[in-house]
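Please look over the structure below. The report that follows covers its charge pairs, its cores, its helix packing and its backbone.

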Amino acid sequence: MPSMVRNDPRQYDELADQWWHPGGEFEMLHWLAEARAALIPPAGRAGAVLLDAGCGAGLMAPHVLGKGYRHVGVDLGRTGLELAARHGVQPVNGDVTALPFADATADVVAAGEILEHVTDLPGTVAELSRVLRPGGLVVIDTVNDNALSRFITVTAGEWLGFAPPGIHDASLFVRPRRLISEFARHGVRLRVRGARPTLGGLVRWRVLRGRPTRGRIVPTGLTAVLYQGTGRKEGERS
């Protein structure tokens, strides 16, 4: 029986068969992964490392293939990591609040759909920043903290079948201003922009369950619900 505790990471193991299932429970995560990857430039040096924090089953892997990175994925869920490894991700079992890497390890740190799940946001941001090389890039996407985002993401999202029941705890959602401030403490100037799924993609996903939807995440001027961010760490690239 699926877990009834909100934001319980074991839910991802319970839904493991949905990670790569076309039109399945995690369909929108594929759209988000593609949009996140589009913000990552080609590697600027040989041996560059892309650290995918909270990588799940490695949904970003097809979209960064060929960009020249060693794609390292960190996650608590071993089932997801096994699937990520099948898609070319180097899997590491670990917690984003205590990343098992030395300082300045990664050229790019991607943290997609994870910041709204962590219970220690300052600690997580500190770790993401710590492992980033000077001049390195952080790429994020997450959910805003307000009444509209809680209604759309949790209330309506679960009722309409766009999010598995209990997958989010709205008390952990993050306001852009807070996230910008947390990253600034560690020398990362984060810039954010709004994002949203295409309406056609949502309709096809709802109607054509179990089939590819061709949905996308597109930029918008409103950060009220979903937003993306990028930021460079202070210092010269080495």
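## A charge pair across the chain

Which residue's side chain meets that of R6 in a salt bridge? The partner is E158, with N and O 2.8 Å apart. The model is predicted. This pair ties together distant parts of the chain. R6 sits in the segment before α1 (10–14), while E158 belongs to helix α6 (residues 147–159). The two are 152 residues apart.

The two ends differ in burial class. R6 is partly exposed because its relative accessible area is 36%, a value between the 20% and 50% cut-offs. E158 has 18%, so E158 counts as buried. Side chains of opposite charge can pair when their charged atoms come close.

## Other salt bridges

The total is 9 salt bridges. One of them joins D141 and R36, with 2.7 Å between the closest N and O atoms. This pair also links distant parts of the chain. D141 lies in strand β5 and R36 in helix α2 (residues 27–38), 105 residues apart. Both partners are buried: D141 has 2% relative accessibility, and R36 has 6%. Elsewhere, R45, D107 and R133 form one network through salt bridges that share partners.

D8 and R10 make a further salt bridge, and their closest N and O atoms are 2.7 Å apart. Here one partner is buried and the other exposed. D8 has a relative accessibility of 9%, so D8 counts as buried. R10 reaches 54%, which means that R10 counts as exposed, the cut-off being over 50%.

## The nonpolar cores

The largest nonpolar core holds 28 residues. L51, I140, L179 and F183 have the most contacts inside it. Strands and helices both contribute. Elements that give two or more residues include the strands β1 (49–53), β2 (70–75), β4 (106–112), β5 (132–143) and β6 (188–197). The helices α5 (121–130) and α7 (176–184) do so too. A second core is separate and has 19 residues, among them A48, L59, V64 and A110. In soluble globular proteins, nonpolar side chains tend to be buried together.

Two residues of the largest core deserve a closer look. Beyond its neighbours within four places in sequence, I140 contacts A111, L115, L179, F183, L190, Y227, Q228 and G229. L179 lies in helix α7. Its relative accessibility is 0%, so L179 counts as buried. Residues up to four places away aside, L179 touches L115, L121, V125, I140, T142, V174, L190 and Y227. L179 and V125 are 54 residues apart in sequence, yet their C-alpha atoms are 8.3 Å apart in space.

## Helix α5 against helix α7

How far apart are the axes of α5 and α7, and at what angle do these helices pack? The axes are 9 Å apart and the angle is about 50°. This angle makes α5 oblique to α7. The crossing is right-handed.

L121, P122, V125, L128 and S129 form the α5 side of the contact. They meet R178, L179, E182 and F183 of α7. L179 and F183 appear here again, having been listed among the residues with the most contacts inside the largest core.

## Helix α2 against helix α8

The second pairing brings α2 and helix α8 (residues 199–207) together. Their axes come within 11 Å and cross at roughly 150°. That angle is over 145°, so α2 is roughly antiparallel to α8. This crossing is right-handed. On α2 the contact is made by E27, M28 and W31. On α8 it is made by G201, L202 and W205. R36, the salt-bridge partner of D141, also belongs to α2.

## Positive phi outside glycine

Which loop holds A104? A104 is placed between β3 (90–93) and β4. Its phi is positive, about 55°, although A104 is not a glycine. A104 is partly exposed because its relative accessible area is 33%.

E113 is another case. Its phi is near 55°, a positive value in a residue other than glycine. E113 is found in the loop between β4 and α5. Is E113 buried or exposed? E113 is buried, with a relative accessible area of 15%.

Methods:
Residues numbered from 1 in each chain as written. Predicted model: local features only at pLDDT ≥ 70, side-chain atom pairs only at ≥ 80, totals over all residues. Heavy atoms only, no water. Core = buried A, V, L, I, M, F, W, Y, C linked by side-chain atoms within 4.5 Å. Buried < 20%, exposed > 50% of the residue type's maximum accessible area, 1.4 Å probe, protein only. Helix = DSSP H or I, 4+ residues; strand = E, 2+ residues; numbered from the N terminus. Contact = heavy atoms within 4.5 Å. Salt bridge = Lys/Arg side-chain N within 4 Å of Asp/Glu carboxyl O. Axes fitted to C-alpha atoms, helices over the stretch in contact; angles between N-to-C directions. Parallel < 35°, antiparallel > 145°, perpendicular 65-115°, else oblique. Left-handed = near helix turned anticlockwise from the far one by under 90°.
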